[in-house]
Amino acid sequence: MKIKKTCAISIDLDEIYNYYNLRKLKPLPSVNKNAVYKEAIPRFLNIFDEYKIKATFFVVGKDARKNMKTIREIYKRGHEIANHTLNHKSNFIQLPLKQKEYEISNADKILSDIIGSKIVGFRSPGWGLDNSTLNILENLNYKYDSSGFPSKSIFLIALFDWLLMWGKQGFNLGNSWDIRMGLSPKSPYFPSTSKFWRRGSRKILEIPLTILPYMQIPFLHTITNMLGIGIFDPFFSYIKHFNRELIYILHGIELVDYYYSINDKNLKKIGIKKTLEKKYEIFNYAFNNISRKYKFMTMKDIALNYKSTK
C-alpha cells in the first residue's frame, strides 16, 4: 500500500471586524461582527469530525479572551491552538521590536492560559516574516512558524489584492516589497540565524504555505473558494505529483453565511457572496480529494516529526 503524504489543514480565525478594519470601513449595525466564532467555528468542527481531520486554529489573542469557551471546545476536540498575535495588526512585520514582542507574548499567555497547555506555533498577519520575529519565537521555545509566502510573484499577488479593494487597503502581504521572501524554500526548513529566507541552524521550523512549484501561485482554500471547484482540480492534480507536505490554509469567514450575518455591499471580497450551501459543496469537494491522497496532521505534529533534508 502506498504511503500517503502529509497534509496540515489550518484556519486563520480573523473575525469579521478585521476585514472592515483592513479596508478602512465601518460595518453596518446589522453585521454580526462575531460571526466567525458564533457560526463558522461550529461548522468547521463538524466538517473536521466528518473527515477525521485534526486541524490547527491560528487564534487572535483579544478574540480568544471574548470566546474562551469556544477555544476550549476546539482544543478539547483534538485540534491545535496556535498564535496569530494579540491584535492582528496588518502591518505587524513593520512594527518595532518591542511591539512585536508585546503582540506575540501577550497572545501566547492568553491562549496558553485558556487551554492549559503550551503554545508552540505562530503565524503573523499578512504573511510577514523576518529575523527578529523568529528570534522572539525561539526565545519563547516555539517549535514552528508558518508566516512564509515563498512565491517570486508575491508583489504581483499583493498588487492584485490591493486593486481588488480599489486601493482602500494597504498591501496585505507583509513582505510584498521584499524579494527575499519569494526566494525562500517552498518546503519546511530550519532558517539561518541571520537570513530567514535561507536554510540554516535555527531550532524553529519554518512551515510556509503551499506554493505551486514553477507556477509561483499559492494553493490555499481562499483561491478555491473565490474561483470554485474548477480551479481546485488542476491545482490539486499538479501539486500531488511533488513529494512535499500540503499546507492547506482556510479562513474563518469562508464558512460564514454572508446573507444572514453580513449582507453589506461595501465589504468587497471575491467569493464572499457565495451561498452557505455552495461553500459547503466546495469544502466537501476539496476535503474528499485531499483525504484520498494525504494523511492529516496538525502543524505541531509536522514540526515535531520533521527531519531536515538540508
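In this predicted model, axes are lines fitted to C-alpha atoms, for helices over the stretch in contact, and angles run from 0 to 180 degrees between N-to-C directions.

Q: At roughly what angle do the axes of helix H5 and H6 cross?
A: Helix H5 covers residues 97-115, and helix H6 covers residues 131-139. The axes of these two helices come within 10 Å, and they cross at roughly 45°.

Q: Is H5 parallel or oblique to H6?
A: The axes of H5 and H6 cross at roughly 45°. Angles under 35 degrees count as roughly parallel, and 65 to 115 as roughly perpendicular. The crossing angle therefore makes the orientation of H5 to H6 oblique.

Q: How many residues of the contact of H5 with H6 are nonpolar?
A: From H5, the residues Leu97, Lys100, Glu101 and Ile104 take part, and they meet Ser132, Thr133, Ile136 and Leu137 in H6. When the residues of this contact are divided by type, 2 are charged, 2 are polar and the nonpolar ones number 4.

Q: Which residue forms a salt bridge with Glu138?
A: Glu138 lies in helix H6, while its partner lies in the loop between helix H8 (179-183) and strand E6 (205-206), so the pair ties together parts that are 64 residues apart in sequence. Glu138 is partly exposed, with a relative accessible area of 24%. The closest N and O atoms of the pair are 2.7 Å apart, and the partner of Glu138 is Arg202.

Q: Is Arg202 buried or exposed?
A: A residue counts as buried under 20% relative accessible area and as exposed over 50%. Because its relative accessibility is 4%, Arg202 counts as buried.

Q: What is the relative accessibility of Arg43, which meets Glu39 in a salt bridge?
A: Glu39 and Arg43 both lie in helix H2 (residues 35-50), 4 residues apart, or about one turn of the helix, and their side chains meet with an N to O distance of 3.7 Å. Glu39 counts as buried because its relative accessibility is 11%. Arg43 also counts as buried, its relative accessibility being 18%.

Q: Which residue does Lys278 meet in a salt bridge?
A: Lys278 is partly exposed, with a relative accessible area of 33%, and its partner counts as partly exposed at 41%. The two residues are 3 residues apart in helix H12 (residues 276-293), which means that about one helical turn separates them. Their side chains meet at 3.5 Å, N to O, and the partner of Lys278 is Glu281.

Q: How many salt bridges does the structure hold?
A: Apart from the pairs discussed above, Asp49, Glu73 and Arg77 are linked in a network of salt bridges. For the structure as a whole, the number of salt bridges is 9.

Key. Residues numbered from 1 in each chain as written. Predicted model: local features only at pLDDT ≥ 70, side-chain atom pairs only at ≥ 80, totals over all residues. Heavy atoms only, no water. Salt bridge = Lys/Arg side-chain N within 4 Å of Asp/Glu carboxyl O. Buried < 20%, exposed > 50% of the residue type's maximum accessible area, 1.4 Å probe, protein only. Parallel < 35°, antiparallel > 145°, perpendicular 65-115°, else oblique. Contact = heavy atoms within 4.5 Å. Nonpolar A, V, L, I, M, F, W, Y, C, P; charged D, E, K, R; others polar.
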